[in-house]
Amino acid sequence: MKRNWLLYLVIFSLALNLGTIGTLGYLRYQDRRQAAAREPLPPLPMRELWGGLNLDATQRQALRHLFPEHRRHVQEVRTQLAQKRQELFDLIKSESPQWNAIQANVKEISALQGNLEEEMARFLLEFKKNLKPGQDAAFLKVMQGRLGCPPGPPGGRQGGHRGPMRGGGMGPPPGPPPGQAGPGCPE
């Protein structure tokens, strides 16, 4: 009788350990999946983008003229951002950091990030002008996927609610939890 009780205890202990190991393995797998989803996508090669849009020769030529200026402007802003971030870090690591100087630097960084977003929007609008109706829908779909935005419901309304509060009851708002939509995507 005593041996049966010890056998059951060993079996229960093994089952508990296997369950714990399985749970930890699953949680680690989920963490890796989420980390991989947060990594930015590499730049989309032009050939891959053009292949999906079926551009003709005149469209390709027009779009080739847009890219150099866009790349130059983006690189300038990114260089300025890196410089301002280094200045901010230098301010923070100084012996007696001045809050006003830090705030001013953060505002400059925010303005530069806004400039980068404006340049992206300007470029996308210019790019879209050179596309035919079927092509612009495909282009927007590709860009939406690259930005990590989930496809919205028909008609452009998110969640089917109106007004700034989007609901009015207790609990979280409808839709995906905050942080699930990609940067720049409507939540």
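1. Start with the contacts. Among those in the protein between residues at least 6 apart in sequence, 62% join residues at least 24 apart. The model is a predicted one.

2. The overall make-up is simple to state. The protein has five helices and zero strands. Its pattern along the sequence reads α-α-α-α-α. Buried residues account for 16% of the 187 residues. The exposed surface comes to about 14800 Å², and carbon and sulfur atoms supply 60% of that area.

3. Look next at helix 3. It holds 37 residues, which at 1.5 Å a residue should span 54 Å; the end C-alpha atoms are 54 Å apart, so expectation and model agree. Several of its residues are buried, among them Gln59, His70 and Leu88. Phe67 is also on the buried list for helix 3, and the next points return to that residue.

4. Now the aromatic side chains. The structure holds four aromatic pairs. One of them joins Phe67 and Phe127: the ring centres are 6.1 Å apart and the planes meet at 75 degrees, so the pair is edge-to-face. Phe67 belongs to helix 3 (residues 57–93) and Phe127 to helix 4 (residues 99–129), so the pair ties together parts 60 residues apart in sequence. Both residues are buried.

5. Phe127 has another partner. With Phe123 it forms a tilted pair, 5.9 Å centre to centre and 50 degrees between the planes. These two sit four residues apart in helix 4, which means about one helical turn separates them. Phe123 has a relative accessible area of 7%, and Phe127 has 0%. Buried means under 20%, so both residues qualify.

6. Which residues form one aromatic cluster? They are Phe67, Phe123, Phe127 and Phe139.

7. The four phenylalanines of the cluster also appear in the largest nonpolar core. That core has ten residues in all; Leu53, Leu55, Leu63, Leu66, Leu131 and Met143 are also in it. Helix 3, helix 4 and helix 5 (133–147) each supply at least two of its residues. Helix 3 gives the largest share, three residues. As background, nonpolar side chains tend to be buried together in soluble globular proteins.

8. A second core lies separate from that one. It has eight residues, including Val74, Val77, Leu81 and Leu116. Val74, Val77 and Leu81 are among the buried residues of helix 3. Helix 3 therefore contributes to the largest core and also to the second, separate core.

Notes: Residues numbered from 1 in each chain as written. Predicted model: local features only at pLDDT ≥ 70, side-chain atom pairs only at ≥ 80, totals over all residues. Heavy atoms only, no water. Phe/Tyr/Trp six-rings, centres within 6.5 Å; stacked < 30°, edge-to-face > 60°. Buried < 20%, exposed > 50% of the residue type's maximum accessible area, 1.4 Å probe, protein only. Expected span 1.5 Å × (residues − 1). Core = buried A, V, L, I, M, F, W, Y, C linked by side-chain atoms within 4.5 Å. Contact = heavy atoms within 4.5 Å. Areas by Shrake-Rupley, 256 points an atom, 1.4 Å probe, with all protein chains shown as cover.
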